[in-house]
Amino acid sequence: MNASQRLLAVLATLATLTVTAGCSADPAPGGEAPGGEARGGGAASSGQGGPRAAPGAGKTEKKADTTGLVLPIDAYDVSMGQMVRTQLAQNTLVSECLARYGLTITYPKAIPYQGSPHARRYGPPESLATAQKYGFHMAQGDPRSFTKDMMVRHPKDVVEVLGGRRDDGTGTQLTSFRGQPVPEGGCAREAQRKLARGTGEGERAGHADTAAAIKARSFENAKKDPRVKAAEKKWVACMAGRGYTDYKRDSFDAVADTRWNTPKATSEEITVAVASWTCGKEGDVVGTWVAVETAYQNEQIAKNAETLEDDRKRLVEEGKRIDAIIAGTGGAAS
């Protein structure tokens, strides 16, 4: 898992309520995510077999920014918009479930996501303007800016019915509340089950496991590709020439620097972020990454075309059902 993915994982954990419906880390083929974390998920052919020849990449386009970046696998993956709608649908179902027990819940205010989900995929800031204003911090919703008073606290009754467990230190199963049976796993799990209906056996709403597997593996394969390694070496040399000799591996070293664990970007962080973006431009880090990863993704899209197309159609139908839940017109029959 790269530095930007770690930040996003922390953000997702802090910003969502108990259960997220569509923002889990990308599963890699063979049940392992980048970094060796165990995951369930698809079995795209990109994760099978031993070393093989790297696919030929198209002409590398000089590219310094990742703002608005679109990758080939995006056509088959869950969009950011659908992830948000899936979460809203789950919130709706959870609220309906809690209402049966005379309970209400308040959700954190949603922050509309702006830009490409790949904006922080390759190390340097997504643009010079972003680096100059925010350093390596996110323009909105950065987890380092969160404080305890920003977290939503729920009454004990809500916590227990939501999770289906007693909030008394024992964690024992809650089978009934106010004379009514509590669904297994509480209202959160009930909402998940309703969302998943119609998605296929073993599937989860808000997920496209094969696409996610390809996206995760293409990143890992590209990172090991000699063309990307050469571009990263240029970045390291450029940064060293500017006096930043501690960043010896690649452009992710700078964004992962623990000195930036502050609520807001410091002047030093901004200076280093601008240098990282500039060196990324000089070494064509982004352009090389995009060309090489696109080649890996196109190779796997061709090998998994039928499965990906089936998943794409499923997501379209799932989106209609999710929108119906949000609108209160059905879509999740008990």
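Q: Which residues do ring pairs link into a cluster in this predicted model?
A: The model is a predicted one, and a search of the whole structure finds seven aromatic pairs in it. Within this structure, ring pairs join four residues into a cluster, and these are Tyr-122, Phe-219, Phe-252 and Trp-289.

Q: What is the angle between the planes of Phe-136 and Trp-260, and how many residues apart in sequence are the parts that the pair ties together?
A: Among the seven aromatic pairs found in the whole structure, Phe-136 and Trp-260 form one that is stacked, with 6.3 Å from centre to centre and 25 degrees between the planes. Phe-136 lies in the loop between α3 (128-134) and α4 (156-163), whereas Trp-260 lies in the loop between α8 (252-255) and α9 (267-282), so the pair ties together parts of the chain that are distant by 124 residues in sequence. The values asked for are therefore an angle of 25 degrees and a separation of 124 residues.

Q: Is Phe-136 buried or exposed?
A: Buried means under 20% relative accessible area, and Phe-136 has a relative accessible area of 1%. Its stacking partner Trp-260 also has a relative accessible area of 1% and is buried. By that cut-off, Phe-136 is therefore buried.

Q: Which residue meets Lys-215 in a salt bridge?
A: The count comes to 16 salt bridges, and one of them involves the side chain of Lys-215, at 2.7 Å from N to O. The pair links distant parts of the chain, with Lys-215 in helix α6 (residues 209-224) and its partner in the loop between α1 (3-15) and α2 (80-99), 138 residues apart. Both residues are buried, and the partner is Asp-77.

Q: How many residues apart in sequence are the parts tied together by Asp-323 and Arg-85?
A: Asp-323 forms a salt bridge with Arg-85, and the closest N and O atoms are 2.8 Å apart. Asp-323 counts as partly exposed at 34% relative accessibility, and Arg-85 counts as partly exposed at 27%. Because Asp-323 lies in helix α11 and Arg-85 in helix α2, the pair ties together parts whose separation in sequence is 238 residues.

Q: Which residues are linked with Arg-100 in a network of salt bridges?
A: Glu-190 forms a salt bridge with Lys-194, the closest N and O atoms being 3.8 Å apart. Both residues lie in helix α5 (residues 186-196), four residues apart, about one turn of the helix, and both are buried. The network that includes Arg-100 is completed by Glu-190 and Lys-194.

Q: Why does Arg-321 have no salt bridge, and which backbone oxygen does its side chain reach?
A: Arg-321 lies in helix α11 and is buried, and the nearest side chain of opposite charge, that of Glu-318, is 4.6 Å away. A salt bridge requires a side-chain nitrogen within 4 Å of a carboxyl oxygen, and with Glu-318 at 4.6 Å there is therefore none for Arg-321. The side chain of Arg-321 does reach a backbone oxygen at 3.4 Å, that of Lys-194.

Q: What is the accessible area of the nonpolar patch formed by Val-84, Leu-88 and Ile-326?
A: Ile-326 is found in helix α11 (residues 305-327), and at 34% relative accessibility this residue counts as partly exposed. Ile-326 joins Val-84 and Leu-88 in a nonpolar patch on the surface, and the three together have an accessible area of about 220 Å².

Conventions
Residues are numbered from 1 along each chain as its sequence is written. This is a predicted model: local features need pLDDT of at least 70, side-chain atom pairs count only at pLDDT 80 or more; totals for chains, interfaces and linings use all residues. Side-chain values use heavy atoms; hydrogens and water are left out. Patches are made of residues with over 30% relative accessible area and no salt bridge: like charges are joined within 9 Å, nonpolar side chains (Val, Leu, Ile, Met, Phe, Trp, Tyr) within 5 Å. Accessible areas come from the Shrake-Rupley method with a 1.4 Å probe; for residues, only the protein chains shown count as cover. Helices (H or I, at least four residues) and strands (E, at least two) are DSSP runs, numbered from the N terminus. Buried means under 20% relative accessible area, exposed over 50%, partly exposed in between (1.4 Å probe, protein chains only). Rings of Phe, Tyr and Trp (its six-membered ring) pair if their centres lie within 6.5 Å; planes under 30 degrees apart count as stacked, over 60 as edge-to-face and the rest as tilted. Lys and Arg count as positive and Asp and Glu as negative; His and the chain ends are not counted. A polar contact is a pair of N or O atoms within 3.5 Å; within protein, one must be able to donate a hydrogen and the other to accept it, and residues adjacent in sequence count only if both atoms are side-chain atoms.
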